[in-house]
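Please take a moment to look over the sequence and the model shown below. The report that follows takes up the loop, the helix packing and the core in turn.

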Amino acid sequence: MSREYIILEVTIIAARVLIELIFFAIGASIFSFLNVIIYRLPRKIQFTLGKSMCTSCHHELATKDLIPIISWISLKGKCRYCGEKISARYTIVESLGGISAVVSTLIFGIKPMAALVFLISAVLVTVVYIIYDKLKQK
Ligand SMILES: [Zn+2]
């Protein structure tokens, strides 16, 4: 194996890892929006309007509080304003989105089938969490 070949291989692997990191971030961001739908849809709150807020103190969240996974970890799972615990489920849902995006593109490549599988996982996660919340209220 020539030195050039090894450098080429390493570059291809690095590019692939970078692409998958981008897919993870996109998937986590999309599922972050699903958290909004899961919370607001059953409560009949319009989810296209209004900024995100703390469910305890109702303080409007800043952009730095809305970075999927990273904000929750950096705040140690607590609200920046009232210190109340923020459920880990938001980060879990965001992580599921990232994992779903990476797994579907690894299996199907960057093709419409990967997008379809990702979309199905998004619908399933939304429906399961809404039903779970409904059952928990009873
Ligand atoms: Zn708060």
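Where does histidine 58 lie?

## The loop between H1 and H2

In this predicted model, histidine 58 lies in the loop between H1 and helix H2, the latter covering 70–74. Its phi is near 60°, which is a positive value in a residue other than glycine. Most residues other than glycine have a negative phi. Histidine 58 counts as exposed because it has 9 C-beta neighbours inside 10 Å, where the limit for that class is 12 or fewer.

Isoleucine 69 also lies in the loop between H1 and H2, and its phi, near 65°, is again a positive value in a residue other than glycine. Isoleucine 69, however, has 20 C-beta neighbours inside 10 Å and therefore counts as buried, since that class begins at 20.

## How H1 packs against H3 and H4

Two packed helices are described by the angle between their axes and the distance between the axes. For helix H1 (residues 3–40) and helix H4 (residues 112–137), the angle is about 30° and the axes are 10 Å apart, so that H1 is roughly parallel to H4. H1 passes H4 in a right-handed crossing, and the contact involves Gly27, Ile30, Phe31, Leu34, Ile37 and Ile38 on the H1 side, with Phe118, Ala122, Val125, Thr126, Tyr129 and Ile130 on the H4 side. By class, the residues of this contact of H1 with H4 are 10 nonpolar and 2 polar, with no charged residue.

H1 also packs against helix H3 (residues 89–108), here at an angle of about 135° and with the axes 7 Å apart, which makes H1 oblique to H3. This crossing, too, is right-handed. On the H1 side the contact includes Glu20, Phe23, Phe24 and Asn35, while the residues from H3 include Tyr90, Glu94, Gly97 and Thr105. The contact of H1 with H3 has 12 nonpolar, 8 polar and 2 charged residues.

Arginine 16 is a residue of helix H1, and it counts as exposed because it has 11 C-beta neighbours inside 10 Å. Arginine 16 and leucine 106 are 90 residues apart in sequence, yet their C-alpha atoms are 9.8 Å apart in space.

## H3 against H4

Between H3 and H4 the packing angle is about 155°, and their axes are 8 Å apart; the two helices are therefore roughly antiparallel to each other. H3 passes H4 in a right-handed crossing. From H3, the residues that meet H4 are Val93, Leu96, Ser100, Ala101, Ser104, Thr105 and Phe108, and their partners in H4 are Met113, Ala114, Val117, Phe118, Ser121 and Val125. The contact of H3 with H4 is made up of 9 nonpolar and 4 polar residues, and none of them is charged.

## The nonpolar core

Which residues have the most contacts inside the largest nonpolar core? They are Phe24, Phe31, Leu34 and Ala101, in a core that has 15 residues. H1, H3 and H4 each supply at least two residues of this core, and the largest share, 6 residues, comes from H1. In soluble globular proteins, nonpolar side chains tend to be buried together.

Leucine 34 can be followed a little further: when residues up to four places away in sequence are not counted, leucine 34 touches Val93, Ala122, Val125 and Thr126.

How values were computed:
Residues numbered from 1 in each chain as written. Predicted model: local features only at pLDDT ≥ 70, side-chain atom pairs only at ≥ 80, totals over all residues. Axes fitted to C-alpha atoms, helices over the stretch in contact; angles between N-to-C directions. Helix = DSSP H or I, 4+ residues; strand = E, 2+ residues; numbered from the N terminus. Parallel < 35°, antiparallel > 145°, perpendicular 65-115°, else oblique. Left-handed = near helix turned anticlockwise from the far one by under 90°. Contact = placed C-beta atoms within 7 Å. Nonpolar A, V, L, I, M, F, W, Y, C, P; charged D, E, K, R; others polar. Core = buried A, V, L, I, M, F, W, Y, C linked by C-beta atoms within 7 Å.
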